[in-house]
Amino acid sequence: QVQLVESGGGSVQTGGSLTLSCAASGQNFRRGAMGWFRQAPGKEREFVATGKWSSGHTYYADSVKGRFTISRDNAKNTVYLQMNSLSPEDTAVYYCAAGMSLITSSLRTAAQYAYWGQGTQVTVSS
C-alpha cells in the first residue's frame, strides 16, 4: 500500500520560509514523478512543482519559480519543497503527489498522479 506523508506546514509572515517534506512508503518513486500541488479556499487544486526523478529534471509553476525549490532524497524516498519569500497568495493546503510512467507533458496535471498525501496547511500572514 502506497502512502505519502507530508510534514512541515505552518504559519509564517510575509517574506518567511518553510520547508515541506513528503515521505513515500510502499513504492519507490525514484523512476517516477513526485511533486507538489496546492489548493486555496474556493480555488481549484493547482500545480506547484514536481520532479521527474529518473532524469532529475524539475518543473515549477511560474508563480513560484525562483522562490521555491523541489528536491529529492533517494535514500529516504522523500521529496522536499523549500519555500522562500512567501506571500499571502501562497496560503493553501499543500499536497504531495506521486506517480509512475508520467510523460513530461502531463507532469503539471493533477489527474495524472495516482497517489496523494493528506495535505499540510501553509498560512502566510501579511
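Gly119 counts as buried, at 18% relative accessibility. That value comes from a predicted model, as does everything else I will say today. Gly119 sits in the loop between strand 10, residues 115-116, and strand 11, residues 120-125. Leaving out residues up to four places away in sequence, Gly119 touches Glu6, Val93, Tyr94 and Tyr95. There is also a distance to note here: the C-alpha atoms of Gly119 and Val5 are separated by 8.2 Å, although their positions lie 114 residues apart along the chain.

Val5 and Glu6 bring us to strand 1, so to speak. Strand 1 covers residues 3-7. One face of strand 1 is covered, and that face holds Leu4 and Glu6. The other face, with Gln3, Val5 and Ser7, is uncovered. Strand 1 runs antiparallel to strand 3, residues 18-25, and 5 bridges join the two. Within that pairing, Glu6 stands opposite Cys22, and Gln3 stands opposite Ser25.

Now the sheet that these strands belong to. What is the order of its strands? The order is 1-3-8-7, in an open sheet of 4 strands with antiparallel pairing. Strand 1 and strand 7 stand at the edges, and each has a single partner strand, so one side of each has no neighbour in the sheet. From one strand to the next, the twist averages 15°. As background, strands of a sheet pair through backbone hydrogen bonds, either parallel or antiparallel.

Next, Asn77. Asn77 lies in the loop between strand 7, residues 68-73, and strand 8, residues 78-83. Is Asn77 buried or exposed? Asn77 has 9% relative accessibility, so it counts as buried, the cut-off being under 20%. What does its side chain reach? The side chain of Asn77 comes to 3.3 Å from the backbone nitrogen of Phe29. The side chains of Asn77 and Arg72 are also joined, by a polar contact of 2.8 Å. Beyond four places in sequence, the residues that Asn77 touches include Cys22, Ala23, Ala24 and Ser25. Also among them are Gln27, Asn28, Phe29 and Met34. Cys22 and Ser25 came up a moment ago, as the residues opposite Glu6 and Gln3.

On to the charged groups. The structure holds 4 salt bridges. Which residues are linked in a network of salt bridges? They are Arg38, Glu46, Arg67 and Asp90. I will take the pairs in turn.

Glu46 and Arg38 meet through their side chains, at 2.6 Å from N to O. Glu46 is partly exposed, with a relative accessible area of 36%. Arg38 is at 5% relative accessibility and counts as buried.

Arg38 also forms a salt bridge with Asp90, where the closest N and O atoms are 2.9 Å apart. This pair links distant parts of the chain, with the two positions 52 residues apart. Arg38 is in strand 4, residues 33-39, and Asp90 is in the loop between strand 8 and strand 9, residues 92-99. Both partners are buried.

Asp90 in turn meets Arg67, side chain to side chain, at 2.8 Å from N to O. Arg67 is in the loop between strand 6, residues 57-60, and strand 7, and is 23 residues from Asp90. Asp90 has 1% relative accessibility and Arg67 has 18%, so under the 20% cut-off both count as buried.

Last, the nonpolar part. In soluble globular proteins, nonpolar side chains tend to be buried together. In this model, the largest nonpolar core has 35 residues. Which residues have the most contacts inside it? They are Met34, Trp36, Leu81, Met83 and Tyr94. The elements giving two or more residues to this core are strand 3, strand 4, strand 5 at residues 46-52, strand 6, strand 7, strand 8, strand 9 and strand 11. Strand 9 provides the largest share, 5 residues.

Leu81 can serve as an example from that core. Setting aside neighbours within four places in sequence, Leu81 is in contact with Leu18, Thr19 and Leu20, among others. Its contacts also include Trp36, Val48, Ala49, Phe68, Thr69, Ile70 and Tyr94. Tyr94 is one of the residues that Gly119 touches, which returns us to the starting point.

Terms used: Residues are numbered from 1 along each chain as its sequence is written. This is a predicted model: local features need pLDDT of at least 70, side-chain atom pairs count only at pLDDT 80 or more; totals for chains, interfaces and linings use all residues. Side-chain values use heavy atoms; hydrogens and water are left out. Buried means under 20% relative accessible area, exposed over 50%, partly exposed in between (1.4 Å probe, protein chains only). A polar contact is a pair of N or O atoms within 3.5 Å; within protein, one must be able to donate a hydrogen and the other to accept it, and residues adjacent in sequence count only if both atoms are side-chain atoms. Contact means heavy atoms within 4.5 Å. Two strands pair if DSSP finds at least two bridges between them. Axes are lines fitted to C-alpha atoms, for helices over the stretch in contact, and angles run from 0 to 180 degrees between N-to-C directions. A nonpolar core is a set of buried Ala, Val, Leu, Ile, Met, Phe, Trp, Tyr and Cys residues joined through side-chain atoms within 4.5 Å.
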